[in-house]
Amino acid sequence: MLTATLTTTPRDDYVEFELTVENQGDESVTLSFRDARRAEFVVSDAAGDGEVWRWSDGRMFAQMLGSETLDAGESMTFEGVWDDPVPGEYVAIGELAAADADADAETHFSVESV
Amino acid sequence: MSRQSATTRRGVLRAVGGGAATGLAAGSVRGGTKNVGVGGDRRDGDTVVVNVGFDPATDIGGPDVVRRVATRLVRQFSFDALTVELPRDAVTALRQRPEIRYVETNGTMRTYQQSTVQTIPYGITRIGAQLAREAGITGDGVDVAVIDSGIDSDHPDLQANLGEGRAFVNCRGRPRLCRVAGNRNACKADWDDDDNHGTHCAGVVAAVDNDEGVVGVAPEATLHAVKVIYCAGVGLVSDIAAGIEYVADQGWPVASLSFGSQRPTNLIRDACAYAAEEGVLLVAAAGNGRGRPNTVGFPATLPSVLSVSAVDRSGGFAPFSSTGPRIDITAPGANIRSTVPGGYRQYSGTSMACPHVAGAAALLVSTGLSPAEARERLVGTADDLGLEQIRQGAGLLNVAAALDLDDNL
């Protein structure tokens, strides 16, 4: 069983995201990926005004199949950075991009005006 | 030495067939004492690579005697000699045959010990690139840009074909990320490959035709590493656009783009239009949309780009491949063996299909065709696999047909 936790760390002019996926089951799990993308981060307006930023926008991915194995109790962390965020209240979603497993987490954060 | 006549080379290739690569035992061959009849089909694993000279006066006898005992034909010379792998204990008997002038070990035994013997990846034979090789069409000197994660700068199976490299993101340029992602490349050049992906694609285009590893579609093309993808297999749109623009400004005729995304961007659209206008043939991976409808990724969806889906060893549609009306052609992409920093690996993806087509385009350009003409010919001569157009496009890449080599068999 996979569980996901998402942390957001607002810095001066960027926000760091860390998605940690943990295998809480008793057996190892092999995750398959269709390309080089391992995770996705999406930021939406907390007021419900829709998506404001997506990590994969502005990126391209090597089109090669890949896999990662998580042993029982093992976890894996994926990082993303949002540069030059506009101040506001947001909801962030981090999700594993595996083709054969789901794991996602959500958290609220705010970007203060500097 | 490496230049052989086309007819000689054809003979070697036929004989080698699809033989598997095995580690070679090395050392002295003098110890053989058991008298083994020449002509047996034994293969006990204790083999040696030897150079055998035969007497031309006995006409067909000599080579046949050697071939019958050989477990593998390594090289055939224009003069009366062969390099073969054979059972160690067959050496003595061979030496006693009247047709045989000499049986010698290789002077470069160490090299043989350290390298893997060259095998022909199935994709090369599947698309007819073997026939091009036999006809002496090797893409000699045609510039092919591999817009990717870089190319290993000291891989023995690529080095002879490396041209200029250019980095838009440096090898291990994201130190924190690259400590946990990518490979352990020492980054001797800033365009060195910290991810494996670019080196793998480069090997499909133009791994050198030598005694080791693999061979590419266009084994004498010039490979330019344009590094836009960082150690995690990901590239920023701005770096990628700069890489495409750079290739156009160099005037290189062919570029291989084994990356994509489901989201189009105007910047890359503009960069591709600019390159196409400058006459660059852009070949792109259609994406790994797992057979689902309308999953061709960007930039493969652009009309200026030649879009490549993937098939497997037997010509069946690869289940991981994208489908859609913007597929132009298909090529081998499942379980492709090619170069990576420090050795060789098998990878799958439309990433691996794309450089087969780029290499094929280089072969056509080497015969005097323009990149636009090359594209038209590759699409026009593809083999219909009987799959829907949204899967195979025009069909399976057949570079022999594109080069008009089919009728000469």
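This is a short tour of a predicted model with chains A and B, one selection at a time.

**Stop 1: chain A**

Start by selecting chain A and colouring it by secondary structure. You will find zero helices and 10 strands, so to speak a string of β elements from the N terminus on. Turn the chain around: its C-alpha trace spans about 45 × 30 × 25 Å along the principal axes. Of its 114 residues, 32% count as buried. Now think about which parts of the chain meet each other. Among contacts in chain A between residues at least 6 apart in sequence, 70% join residues at least 24 apart.

**Stop 2: where the chains meet**

Show both chains together. Here 14 residues of chain A are in contact with 26 residues of chain B. The chain A side of this meeting place has seven nonpolar, three polar and four charged residues.

Next, select residues 59-62 of chain A, which form strand 6, and residues 259-260 of chain B, which form strand 10. These two strands pair in the antiparallel sense, over two bridges. Zoom in on A:Phe61, and opposite you will see B:Gly260. As you look, remember that strands of a sheet pair through backbone hydrogen bonds, either parallel or antiparallel.

**Stop 3: the sheet of chain B**

Hide chain A and look for an open sheet of seven strands in chain B, with parallel pairing and the order 6-7-5-9-11-12-13. Which strands stand at the edges? They are strand 6 (166-167) and strand 13 (329-332) of chain B; each has a single partner strand, so one side of each is left without a neighbour in the sheet.

Select strand 11 (residues 281-285) and strand 12 (residues 305-311) of chain B, which run parallel and are joined by four bridges. Two facing pairs to label are B:Leu282 with B:Val305 and B:Ala285 with B:Val308. On to strand 13 of chain B: strand 12 pairs with it in the parallel sense, again over four bridges, and B:Ala310 has B:Ala331 as its bridge partner there.

**Stop 4: inside strand 12**

Is strand 12 of chain B buried or exposed? Seven of its seven residues are buried, so the strand is largely enclosed by the rest of the structure. Check both faces: B:Val305, B:Ser307, B:Ser309 and B:Val311 are buried on one side, and B:Leu306, B:Val308 and B:Ala310 on the other.

**Stop 5: a helix across the strands**

Finish with helix 9 (residues 237-250) of chain B. This helix lies across strands 5, 6, 7 and 9 of chain B, running at about 175° to strand 5.

Key. Residues numbered from 1 in each chain as written. Chains lettered and ligands numbered in written order. Predicted model: local features only at pLDDT ≥ 70, side-chain atom pairs only at ≥ 80, totals over all residues. Contact = placed C-beta atoms within 7 Å. Nonpolar A, V, L, I, M, F, W, Y, C, P; charged D, E, K, R; others polar. Pairing = 2+ DSSP bridges. Buried ≥ 20, exposed ≤ 12 C-beta atoms within 10 Å, placed from the backbone. Axes fitted to C-alpha atoms, helices over the stretch in contact; angles between N-to-C directions.
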